[in-house]
2 protein chains.
Amino acid sequence: MPTSSAPGKVYLFGEHAVVYGEPAVPCAIERRVRATVERRDDGRVVLDAPALSFDGVTVEYGAGDPALSTEPALTAEPARVRRAVRYVDAALASAREVAGDETVGFDVSIDSDLPIGAGLGSSAAVTVASLDAAARACDVELDRATLADRAYQVEREAQDGQASRADTFCAATGGAVRVEGDDCRSLAAPSLPFVVASDGGAGDTGALVAGVRRLAEAYPFAADTIGAIGDLVRRGEDALAAGDVEELGRLMDVNHGLLSALGVSSRSLDELVWTARDAGALGAKLTGAGGGGCIVALDPTDATERALALAPACETTFRAELADEGLERE
Amino acid sequence: MPTSSAPGKVYLFGEHAVVYGEPAVPCAIERRVRATVERRDDGRVVLDAPALSFDGVTVEYGAGDPALSTEPALTAEPARVRRAVRYVDAALASAREVAGDETVGFDVSIDSDLPIGAGLGSSAAVTVASLDAAARACDVELDRATLADRAYQVEREAQDGQASRADTFCAATGGAVRVEGDDCRSLAAPSLPFVVASDGGAGDTGALVAGVRRLAEAYPFAADTIGAIGDLVRRGEDALAAGDVEELGRLMDVNHGLLSALGVSSRSLDELVWTARDAGALGAKLTGAGGGGCIVALDPTDATERALALAPACETTFRAELADEGLERE
C-alpha cells in the first residue's frame, strides 16, 4: 500500500501582501499529513481519517452517491472535517484522471501530526499526499511539478475557484519558497528553528482579505503598508541567503506589526507573539490569514515552546524545523 | 493666592513620526495640574505637592541651597518626584525673571487629577501651571503665547536641552493641536470622548526614540512606515475637521499597528488596546513614547472604561473629554 506524506507550512513573511503582487516566503515545516491509499475494485471510496477529528471519522461513498452533502455521520462532523473530505474527494478524482480509470475506488487512510484547519497548510498537505498516494495505487508516479500543478487544480475545485499556487508548491517541494503572483521557486535557506503555537481558532480568510482590501482602497497609507511588507520580504530574502537567522527574527517582528496595522491580528495572536518574544524568541509573527489561528516564532532553544505551553491563549504549541523535503514516499 | 491649572494631553495621532518632521495631533484632556503660588519675602521656596506622590511631598530650599540633589527627604522620593521638582524649580526661576525680582521666594502647592509621570504631559502641565501662578503671584499676567514659549524653555532646561514645543503649547492652549517641527497651531475639533488607561509603567523615551531611529536607518520600509503615519495624520486632520469620530477611531487602530511595527508597543499596551476594542471602543492606540505607560481609546459610552478597570494589565483608567481650554486661572 503506497503511503505519501506532505508537510505543512508557515509564512515566514508576506501573507496578505502577496494578494497585491508582492512576494511572500512560505516555508514547509517538518509536520506532515500522511495518506495511505489502496485500490478498490468495487468503485467505492472508504475514507478512514482519524487525524481529521478527535473521535476519528470514517466515510464511505460511491461514485454516484451524493454522500458529501447528505451522509448523516459526515454532516454531523465539524466543518473542518467536511472541508477536508472535499479535498480528498477532489484529489481522488484527479488520480482517477491520471490513471485513465474513471471508475476505480479507493481505501484511503489519512494520518497527520500537523494540526488540521489551523492555517498551517493542512489542506494542501492533505491534497498533495492523497493525490500522490492514489496515483501510486494506480501505478502512476507523478513528478513534483505535475503533482504541484494538479494539487493546485484540486484546491481550486475544493475552494470554489480560489486557491494559491504557493500552498501546494510548498507541500510538494518543501523548503523555503518564494511566491510572487503565480511564480513559485525554491530558496536556499539555513536551518530554521520554528516554534508554532495555535490559539485553537481560525480566522475567516475571506473576510480578512476583504478587510485589508477595504483599508487599502480607503487609505493610501494602508496601500503603502502593503508595499512596506513587500520591501520587508525582499530584505528577508537577503537574510535567508546570508543565513542570518537573527535578522529573520527582527524582520518577523516588524512584519507582525505591519499586519497588525492592516487589522488582521487578534488579541490572542498578539498575546502569543508577546509570550514568544518575552521568552527570548528571535522574532515572532502571526502566520496565515490572521484573526486567530497560529503564530510562528524562531528560537533555537526550548524556552519559547515552554513559555507558550503555559500561555492561557495557547491551545497547542510545537517545534518544527524547516522541512527540506516536500513530498515523501514510503 | 493665584491658582492656575493646565491640562494633560494624549496623542490622537503621530507620536514618534513627529521626530522625522511628520505632523502629529496631540489633544488636551480634561485632567489638570493645579498650582497655587504665594510670594515669600524670605527668598525661600516651600513646595507642598501631595499630587506628586502617594505620601505627599514637602520640599523647602533657598536660592543658594543645593537642595535638589542633596536634600535627604527628596532624594528618598521616587525619581518622578525629583523630576517634577526640577520643572517647578525652573518654572519659578522663569517667573522671577519676568517679575524682574531675582530673589523672591514662593510657597507653592501643586495638586493634580492627572497621573504624574505616566506619559500624559504632566511635566508640561506642571510647568505651565506653576509658571503662570508664580508670575501672577508677582502681579505679572503672561499671554498664552509667551507662557507657552517660556514653559518650553523651562522644559528644555529641566530636560537637559531636549523638549517638544507641542507639549507646552497644548497645556497652555488646550484643544486639538497640530504640530509639525516647531510649528504648533490649534485645530477645530468635535467633542472627543477619550478613555485613558495606564499599565502603571513608563517607557524609556530616549531608548524608544533611538530604537525607532535604528530601525529607520536599517530598513527603508521602516522609514516608509514613518511616512505612512504622517499620511495617516493628514487623513486624521480631515476627519477632525469633518467631526467624524468613528473615522478617528479607525485611524487610531491603524496608527497603533504602525507604531507596533516600529517596535514601540508592549505586551501590556497591546492588552489594554484589545480590551478597549473588545469593549466596543471606536478605536484605541498607545499614546506617547510607548514601551509601557498609557493607551487612549474613543468611546462615547462607559463600556470601555468599565472593561479596562477589570483588565489585569490596567493600573488606572478614566474618561476625559477633550479640554477646550488650556490654561485656566482661578
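# Notebook: two chains and a few odd residues

**Ser266(B).** I started here: Ser266(B) counts as buried, at 11% relative accessibility. I noted that the model is predicted, so everything below is read off computed coordinates. I placed Ser266(B) in the loop between α9 (245–261) and α10 (267–278) of chain B. What does the side chain of Ser266(B) reach? I found the backbone nitrogen of Leu269(B) at 3.2 Å. Then I listed what Ser266(B) touches, leaving out residues up to four places away in sequence: Trp274(A), Asp199(B), Gly291(B) and Gly292(B). Trp274(A) on that list sits in the other chain, and that sent me to the interface.

**Chain A against chain B.** I looked up the contact and got 27 residues from chain A and 27 residues from chain B. Which three residues supply the most of the area that chain A buries against chain B? They are Phe221(A), Arg267(A) and Trp274(A), which together give 32% of that area. So Trp274(A), the residue that touches Ser266(B), is one of those three. Between them the two chains bury about 2,200 Å², with 61% of that on carbon and sulfur atoms.

Next I went through the polar side of the interface. The rule finds 2 salt bridges across the interface of chain A and chain B. One I wrote down joins the side chains of Arg267(A) and Asp278(B), at 2.9 Å from N to O. Arg267(A) thus appears twice in my notes, in this salt bridge and among the three residues with the top share of buried area on chain A. For polar contacts between the chains I have 10 residue pairs, both residues at pLDDT 80 or more. Which elements of chain A give two or more residues to the side that touches chain B? I have α7 (205–218), α8 (220–242), α9 (245–261) and α10 (267–278). By type, the residues on that side of chain A split into 12 nonpolar, 6 polar and 9 charged.

**How the copies are related.** I checked the superposition: a rotation of 180° with 0.0 Å of shift along its axis puts chain A on chain B, RMSD 0.0 Å. That is what a two-fold axis does. I also compared the two sides of the contact. Of the interface residues of chain A, 100% are interface residues in chain B too, so the copies meet through the same surface.

**Helix α6(A).** I moved on to α6 of chain A, residues 165–173. Is this helix mostly covered or mostly open? Mostly covered, with 7 of its 9 residues buried. The buried ones are Ala166(A), Asp167(A), Thr168(A), Phe169(A), Cys170(A), Ala171(A) and Ala172(A). An α-helix has 3.6 residues a turn, so residues three or four places apart point the same way. The buried residues of α6(A) run without a break from Ala166(A) to Ala172(A), and what covers them includes β1 (3–13), β2 (25–40), α4 (122–137), α5 (144–158), β6 (176–180) and β7 (183–187) of chain A. At the start of α6(A), a side-chain oxygen of Ser164(A) reaches to within 3.0 Å of the backbone nitrogen of Ala166(A). Just after the helix, Gly174(A) takes a positive phi of about 75°.

**Pro7(B).** I looked at this one as a proline in a strand: Pro7(B) is in β1 (residues 3–13) of chain B. Pro7(B) is buried, at a relative accessible area of 1%. Its contacts include Ala28(B), Ile29(B), Cys170(B), Ala171(B) and Leu327(B). The C-alpha atoms of Pro7(B) and Ile29(B) are 5.9 Å apart, although the two residues are 22 residues apart along the chain.

**Glu15(A).** I found Glu15(A) in the loop between β1 and β2 of chain A. Is this glutamate buried or exposed? Buried, with a relative accessible area of 3%. What does the side chain of Glu15(A) meet? I got a polar contact with the side chain of Lys285(A) at 2.9 Å, plus the backbone nitrogen of Gly288(A) at 2.8 Å from a polar atom of the Glu15(A) side chain. Other residues that Glu15(A) touches include Ala24(A), Asn255(A) and Leu259(A).

**Two aspartates with positive phi.** Asp139(B) has phi near 65°, positive in a residue other than glycine. I placed Asp139(B) in the loop between α4 (122–137) and α5 (144–158) of chain B, and Asp139(B) is exposed at 73% relative accessible area. Asp160(B) has a positive phi of about 55° without being a glycine. Asp160(B) lies in the loop between α5 and α6 (165–173) of chain B and counts as exposed, at 64% relative accessibility.

Technical notes
Residues are numbered from 1 along each chain as its sequence is written. Chains are lettered from A and ligands numbered from 1 in the order in which they are written. This is a predicted model: local features need pLDDT of at least 70, side-chain atom pairs count only at pLDDT 80 or more; totals for chains, interfaces and linings use all residues. Side-chain values use heavy atoms; hydrogens and water are left out. Buried means under 20% relative accessible area, exposed over 50%, partly exposed in between (1.4 Å probe, protein chains only). Helices (H or I, at least four residues) and strands (E, at least two) are DSSP runs, numbered from the N terminus. Contact means heavy atoms within 4.5 Å. A polar contact is a pair of N or O atoms within 3.5 Å; within protein, one must be able to donate a hydrogen and the other to accept it, and residues adjacent in sequence count only if both atoms are side-chain atoms. Buried area is the accessible area (1.4 Å probe) that two parts lose on being put together, summed over both. A salt bridge is a side-chain nitrogen of Lys or Arg within 4 Å of a carboxyl oxygen of Asp or Glu. Ala, Val, Leu, Ile, Met, Phe, Trp, Tyr, Cys and Pro count as nonpolar, Asp, Glu, Lys and Arg as charged, and the others, Gly among them, as polar. Copies are superposed by least squares on the C-alpha atoms of residues with pLDDT of at least 70 in both.
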